[in-house]
Structure formats: structure tokens, C-alpha cells
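Hi everyone, thanks for making the time. I'd like to walk you through one structure today, so please have a look at it on the screen.

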Amino acid sequence: MPSLSPTMTQGNIAAWRKAEGDAVNPGDILAEIETDKATIEWEAQEEGFIAKIIKPAGSKDVAVGSTVALIVEEEADLAAFKNYTPGAASSAPAAAAAPAAAAAAPAAAAAAGGSWPAHEVLKMPALSPTMSMGNIVSWHKKVGDSVAPGDMLCEVETDKATIGWESQEEGFVAALLLPDGAQQVPVGAPAAVIVEDQVTQIKRVTAERLLQSKLTIPHYYLTMECELDSLLAARESLNLSLAGSGGKLSVNDFIVKAAALALRKVPAVNASWMGDFIRQYHNIDVNVAVNSPAGLMVPFVRDADRKGLLAISGEVKELAAKAKEGKLQPQEFMGGTFTISNLGMYGIKQFAAIVNPPQAAILAVGAALPKVVEIAPGEFAEVQVLTVTLSCDHRVVDGAVGAEWLKAFKQAIENPYMFML
């Protein structure tokens with residue numbers, strides 16, 4: 001198992017692109033690996049033939065450096081590995097392991113000090129009055145699949161007929177303890193494990209990093225209101241001009257650009273705490289938080305201060321789509337100097353985000369809401385107001401510097417024609 005990101009310690013095998021016996025050349029995609037960042041294609045570096053796949057598709061929490069497959073140089077050597085099983089020191093169970101041994105694996109691991117989330121062990125059911133054992137013909141669900149009551153788990157050959165085993169529970173398949181073709185499995189023998197929730201690598205690592213950030217970074221928060229009327233008018237005018245080309249700008253595109261311009265004006269915020277020194281970046285790469293099925297992703301727009309609104313818009317749309325499909329490449333999310341988290345589309349008025357280390361600040365953006373303000377003595381008007389909160393690492397960004405950055409951001413948001421200067 002390769003290390004496909006700097007912080008990766010383990011990964012999940014989402015799918016194998018090569019099967020046993022297939023030829024492999026440098027550059028071929030061997031498998032799709034779910035890392036702590038995203039699902040990444042694993043490219044072959046060697047030439048040969050796949051002799052054995054040790055960790056099947058769906059394998060979870062495979063440690064970096066663990067053996068997951070064997071490659072031989074000559075096709076004639078494939079037969080020698082047909083019945084190969086890992087040694088006793090390997091964590092991979094032998095494919096022909098007895099059901100009792102497979103069922104005992106969780107208990108053995110727990111006895112050795114492992115901890116297991118809340119789960120339910122599904123046992124071989126009695127699908128006929130006289131059934132005492134059965135054969136697993138084939139599983140209809142694989143590890144990682146969601147399960148709902150009534151879903152077909154597998155086909156079981158009983159003493160009477162082959163019958164579908166329907167799930168009575170809701171959750172996710174955490175482990176299949178019996179392989180396809182398992183014979184003479186006693187009624188009551190453990191067959192599968194169901195968990196209530198599925199925690200992906202991305203969610204697990206995100207939780208660890210955010211907890212570390214909250215515990216080790218001295219956060220403080222600055223909140224400011226920005227009037228959006230000029231920005232909304234400029235956006236409407238620009239979108240009318242773009243109607244024929246299919247382009248369309250969002251308020252978030254303006255926010256990304258305004259944040260980049262503010263970072264250029266107040267570069268002390270565009271920095272990181274490095275332990276015994278502060279690193280200030282010359283490039284301005286703005287991360288945009290994206291909610292994906294696998295968890296929170298933060299791809300970034302590179303050199304956002306040098307790009308126009310249309311370029312930023314297209315890039316954000318493309319990155320968000322890739323994040324939701326799990327197709328982001330490492331160079332699209334590993335980096336960035338400042339992060340924006342926008343919950344305005346959910347109607348959230350204001351919130352405070354957690355700093356995304358090693359960055360020094362993150363901007364939390366709420367919804368644009370109407371507010372009555374005094375525009376002249378005794379004269380009032382309704383305007384659209386956006387509430388933003390800047391979370392800062394006090395080791396890097398002092399309160400006055402954070403306030404100066406927010407002032408620059410507000411100036412850009414309320415005067416969008418500054419984007420052209």
C-alpha cells in the first residue's frame with residue numbers, strides 16, 4: 001500500500017482496475033485508493049503480471065506498507081502463486097480460512113486490545129424448518145455498501161432450495177466473514193458485520209486535524225457586516241453580459257476574489273506558524289470548503305488574486321464537482337494559504353469556523369439578509385447585509401492585523417469595481 005498523500009497512514013481499496021493474471025505496464029492504473037484526502041488512482045511503476053490480489057476491493061484501513069498484491073515478471077510464473085496465502089505475520093486473512101477462524105477474527109482482535117464501533121453481527125439464518133447448515137452462493141452486498149431492511153444480502157443454498165437472505169437491519173456492511181462459495185456453514189455462525197454509520201478516511205482525518213487545531217491553536221474571532229447591494233447589482237449586470245456564453249457568476253466568486261485582494265493588501269494574514277518562525281507566502285491560493293459524500297474537502301484556487309471573476313467561477317465549479325465525485329487530484333487540494341467556508345446557502349446568518357492548519361486564518365460566510373440602515377440623517381433604506389467572521393491563529397495574526405484584513409475585505413465587497421484596479 002503506497003503513501004499517496006503526506007499525511008496518509010492507511011487507506012481503503014475502493015476498487016481494483018486489474019485482475020489476477022492481467023498484464024501491467026508502468027503508468028497503468030492498478031487500483032483506486034481512498035486516502036485521508038480523496039480517492040486517488042494508484043499507478044503501476046513496474047512491468048509484469050498480477051499474480052495475486054491479497055487485499056480485495058473494499059478492504060478498509062490498510063496500513064501504508066502492507067502487502068496488497070504480488071506482481072511477477074514472467075507470465076509463466078503466475079501458476080506458482082495460484083494458491084498463495086500470506087504468512088502468519090500478515091494481517092490479510094487467507095482466502096480459504098475456515099468460517100470459524102474468520103468469525104473469531106473480531107474477537108481475537110478485541111482481546112488483543114482493539115476497539116470496535118457499535119455493530120451487529122449477522123448470523124447464518126435458518127431459512128427452512130429443517131435447515132441446520134447452508135452454503136453461501138454469492139453475496140449481493142460488498143464491504144462499504146449501505147443496507148436497508150428488505151435488501152438482499154446474499155443467496156443461501158439450504159437443504160431445500162437456494163433462497164435470498166434479506167436484511168432486517170439498516171446500516172453499512174463493515175465486514176463479510178464468509179466468502180462466496182462457503183460450504184456447510186452452521187445455522188447461527190457469524191456471517192457479516194453491520195455498523196450504523198460509515199466513517200470514511202477523509203472524515204476520520206478531518207476530525208483528527210480539526211480537533212488538533214482547536215486544542216493547539218489559540219483562536220480568536222472577528223465579525224463584520226458588509227453591504228451587498230453594489231455587488232449584487234454588478235453581478236446582475238455581468239451575468240446579463242455572460243448570458244450568451246453560458247457563464248454565470250455567484251456571490252461566492254466575488255467573495256473568493258475579495259478575500260484574495262485583501263490578502264494581497266494585508267499579507268501578514270497570508271502566512272503560517274512554523275514553530276520557531278512564521279512563513280509568509282508570496283502566492284495567494286484560496287481554499288474553498290466543499291461538502292462531499294466522503295466528507296469535507298478544501299480544494300484551492302491557485303493565484304486567486306491574479307485571476308478574473310469568470311476564471312475563478314469556472315475553477316470553483318470544476319473543483320466542487322470533482323470533490324463531490326471523489327475525483328480530486330492531490331495537487332488540487334494539498335496546499336492553499338487561506339480558506340473560505342460559506343454556509344450562506346443554508347440560511348446560516350453567522351458562524352465561526354475552525355482554522356485549517358497550517359494556515360493562519362479562515363473566513364466563515366453567512367447568508368445575505370435584508371436590514372434597515374440609516375443612509376442619511378433621518379433617511380432609512382433596506383439593504384442586503386452579509387455577515388462574515390474571521391477566525392485567526394493569534395500566534396500569527398494579531399487582533400489589529402485581523403481587523404485590518406477584514407476592513408480591506410469589506411472595502412472590496414462593497415466596491416466590486418475595485419476588482420478591475
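Let me start with a small puzzle: which residue in strand 12 does Met152 stand opposite? It is Glu166. Before we go on, please keep in mind that this is a predicted model. The two strands involved here are strand 11, residues 152-157, and strand 12, residues 162-166, and they run antiparallel to each other with 5 bridges between them. The link from strand 11 to strand 12 is a hairpin of 4 residues.

Now to a sheet elsewhere on the screen. There is an open sheet of 6 strands, and its order reads 16-25-24-23-19-22, with mixed pairing. At the edges sit strand 16 (219-227) and strand 22 (300-301), each pairing on one side only. As a reminder, the strands of a sheet pair through backbone hydrogen bonds, in a parallel or an antiparallel way. For strand 16 and strand 25, residues 379-393, the pairing is antiparallel and covers 9 bridges. If you want a spot to click on, Glu227 faces Val385 of strand 25 there.

Next, the inside. Nonpolar side chains of soluble globular proteins tend to be buried together. Here the largest nonpolar core counts 45 residues, and Phe338, Ile340, Leu363, Trp405 and Phe409 have the most contacts inside it. Helix 4, residues 251-265, gives the largest share of this core, with 9 residues. A second core of 18 residues lies apart from it, including Met124, Met131, Trp139 and Val173. Back to Leu363: beyond its close sequence neighbours, it is in contact with a list of residues that includes Ile255, Phe338, Val388, Trp405 and Phe409.

Let's compare two single residues. Is Ala271 buried or exposed? Ala271 is buried, because its relative accessible area is 1%, and the cut-off for buried is under 20%. Ala271 belongs to strand 17, residues 271-273. Among the residues that Ala271 touches are Ile278, Tyr281, Pro358 and Val396. Tyr221, on the other hand, is 50 residues away along the chain from Ala271, and their C-alpha atoms are 17 Å apart.

And Tyr346? Tyr346 counts as exposed because its relative accessible area, 57%, is over 50%. You'll find Tyr346 in the loop between strand 23 (338-342) and strand 24 (361-376). Together with Met345 and Ile348, Tyr346 makes a nonpolar surface patch of about 340 Å².

That's my tour, and I'm happy to take questions.

How values were computed
Residues are numbered from 1 along each chain as its sequence is written. This is a predicted model: local features need pLDDT of at least 70, side-chain atom pairs count only at pLDDT 80 or more; totals for chains, interfaces and linings use all residues. Side-chain values use heavy atoms; hydrogens and water are left out. Two strands pair if DSSP finds at least two bridges between them. Patches are made of residues with over 30% relative accessible area and no salt bridge: like charges are joined within 9 Å, nonpolar side chains (Val, Leu, Ile, Met, Phe, Trp, Tyr) within 5 Å. Accessible areas come from the Shrake-Rupley method with a 1.4 Å probe; for residues, only the protein chains shown count as cover. A salt bridge is a side-chain nitrogen of Lys or Arg within 4 Å of a carboxyl oxygen of Asp or Glu. Buried means under 20% relative accessible area, exposed over 50%, partly exposed in between (1.4 Å probe, protein chains only). A nonpolar core is a set of buried Ala, Val, Leu, Ile, Met, Phe, Trp, Tyr and Cys residues joined through side-chain atoms within 4.5 Å. Contact means heavy atoms within 4.5 Å. Lists of a residue's contacts leave out its neighbours within four places in sequence.
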